[in-house]
Amino acid sequence: MPIIITVAHQKGGVGKSTLSTNLTSYYSRNEINAAVVDADVQGSITSLVATYGEENRFHDIHLIPRNSFNNFSDLSAREEELLIIDTPPYLSSNLQEIFRISDYILIPTKAGVFDMFAIEGTLDLVEDALKAHPQVQVGVVINMTSKAEKFRHEIRQHLQAREIDVLQAEIFKRIEFQRSLLNGSIFESNDKKAIAEITALGEEILAKLQEEAPLENSQATN
Ligand SMILES: Nc1ncnc2c1ncn2[C@@H]1O[C@H](COP(=O)(O)OP(=O)(O)OP(=O)(O)O)[C@@H](O)[C@H]1O
Ligand SMILES: [Mg+2]
């Protein structure tokens, strides 16, 4: 039964697909049998792999497209050790079904003033899911930030005051993250800072998950 990480935010363009693919690549490169699930029928990752996959750019990203399974609950029976579900924005009804099978919900947010309000709708859905499944872990990751973005400290405090875990790892706005969607993953680049950020994020999530259920043969936190 795979561990399932769902990447969700009802707002578009916060980096769900970017983080889903890069985290899948990170875990695959660390001896974990990982796959990314594109929850969107006409999903962005599915289209990317269909367009560029034959050029072997996505060799370490095993994709499970939406049309390859019936219900999200079917995913719990898969053989992979770890699944990352990339969700499209505005998917509220299916999102509850996905949260039900998830071990970890990762919510990427930008660190702007309006982003602090935009995250509320997703947090409400997560709170509903937590009432039914209190074992699910939730973490917010600040994405597309910069050293100049002073508001990232405030958004962190605001969420922590609401007892929402904000991960230590932060993902900065870097051109290589834009390229990573076309190149397969950030690990195909020479951007050491970007690689370190995804590595830190992947390790931090895994450490939180392993407090609950250790993954066999995991090298990623060694
Ligand atoms: N850390 C980053 N640095 C620079 N660009 C980024 C970063 N994260 C994401 N982007 C860019 O922001 C845009 C939106 O990212 P992405 O498609 O991953 O968001 P999304 O949440 O999946 O959007 P949607 O909800 O529409 O599916 C893309 O052009 C991506 O390359
Ligand atoms: Mg997306």
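1. The largest pocket of this predicted model encloses about 350 Å³ of space. Its lining is made up of 25 residues, and those that lie nearest the centre of the pocket are Val14, Gly15, Thr18, Met144 and Leu181. Helix H1 (16-28), S6, S7 and helix H7 (175-183) are the elements that give two or more residues to this lining. H7 supplies the largest share, four residues. By residue type, the lining of the largest pocket divides into nine nonpolar, ten polar and six charged residues. As regards the principle of such a search, rolling a probe the size of a water molecule over the atoms shows where empty space is left.

2. Helix H6 spans residues 151-161. Its buried residues are Phe151, Arg152, Ile155, Arg156 and Leu159. They cover an arc of only 145° around the axis, and therefore lie on the same side of H6. The general background is that an α-helix has 3.6 residues a turn, so residues three or four places apart point the same way. On the face of H6 turned away from the buried side are the exposed residues Gln157 and Ala161.

3. The surroundings of H6 may be described next. Its buried residues pack against strand S5 (104-109), helix H4 (113-118), helix H5 (120-132), strand S6 (137-145) and strand S7 (166-172). S6 and S7 also give two or more residues each to the lining of the largest pocket.

4. Alanine 161 belongs to H6. Its relative accessible area is 68%, and because the threshold for exposure is 50%, alanine 161 is classed as exposed. Alanine 161 and histidine 133 are 28 residues apart along the chain, and their C-alpha atoms are separated by 22 Å.

5. Which residue with a positive phi follows H6? Glutamate 163 does, with phi near 65°. This is a positive value in a residue other than glycine. For context, most residues other than glycine have a negative phi. Glutamate 163 is located in the loop between H6 and S7. With a relative accessibility of 74%, glutamate 163 counts as exposed.

6. Glutamate 31 also merits inspection of its backbone. Its phi is positive, about 65°, although the residue is not a glycine. Glutamate 31 sits in the loop between H1 and strand S2 (34-38). The relative accessible area of glutamate 31 is 54%, which makes the residue exposed.

7. Glycine 112 occupies the loop between S5 and H4. Is glycine 112 buried or exposed? At 16% relative accessibility, glycine 112 counts as buried, because the limit for that class is 20%. Once neighbours within four places in sequence are left aside, glycine 112 is in contact with Phe151 and Ile155. Both of these contact residues are among the buried residues of H6. Glycine 112 and serine 180 are 68 residues apart along the chain, with 23 Å between their C-alpha atoms.

8. The structure holds three aromatic pairs. One of them joins tyrosine 26 and phenylalanine 187: the ring centres are 6.2 Å apart and the planes stand at 25°, so the pair is stacked. The limit for stacking is an angle under 30 degrees. This pair links distant parts of the chain, since tyrosine 26 is in helix H1 whereas phenylalanine 187 is in the loop between H7 and helix H8 (192-212), 161 residues apart.

9. Both partners of the stacked pair can also be considered by accessibility. Tyrosine 26 is buried, with a relative accessible area of 3%. Phenylalanine 187 likewise counts as buried, at 18% relative accessibility. Ring pairs further link Tyr26, Tyr27 and Phe187 into a cluster.

10. Histidine 59 is placed in the loop between helix H2 (44-52) and strand S3 (63-64). A relative accessibility of 48% makes histidine 59 partly exposed. Not counting residues up to four places away in sequence, histidine 59 touches Arg29 and Glu188. Histidine 59 and valine 49 are ten residues apart in sequence, and the C-alpha to C-alpha distance between them is 9.8 Å.

Technical notes. Residues are numbered from 1 along each chain as its sequence is written. Chains are lettered from A and ligands numbered from 1 in the order in which they are written. This is a predicted model: local features need pLDDT of at least 70, side-chain atom pairs count only at pLDDT 80 or more; totals for chains, interfaces and linings use all residues. Side-chain values use heavy atoms; hydrogens and water are left out. Buried means under 20% relative accessible area, exposed over 50%, partly exposed in between (1.4 Å probe, protein chains only). The arc is that of the directions from the helix axis to the C-beta atoms. Contact means heavy atoms within 4.5 Å. On a 1 Å grid over the protein atoms alone, a cavity is a set of points where a 1.4 Å probe fits but cannot get out, and a pocket is an open set with protein on both sides within 12 Å along at least five of seven lines; lining residues have an atom within 4 Å of a point. Grid points are joined across faces, edges and corners, and a volume is the space filled by probe spheres set on the points. Ala, Val, Leu, Ile, Met, Phe, Trp, Tyr, Cys and Pro count as nonpolar, Asp, Glu, Lys and Arg as charged, and the others, Gly among them, as polar. Rings of Phe, Tyr and Trp (its six-membered ring) pair if their centres lie within 6.5 Å; planes under 30 degrees apart count as stacked, over 60 as edge-to-face and the rest as tilted.
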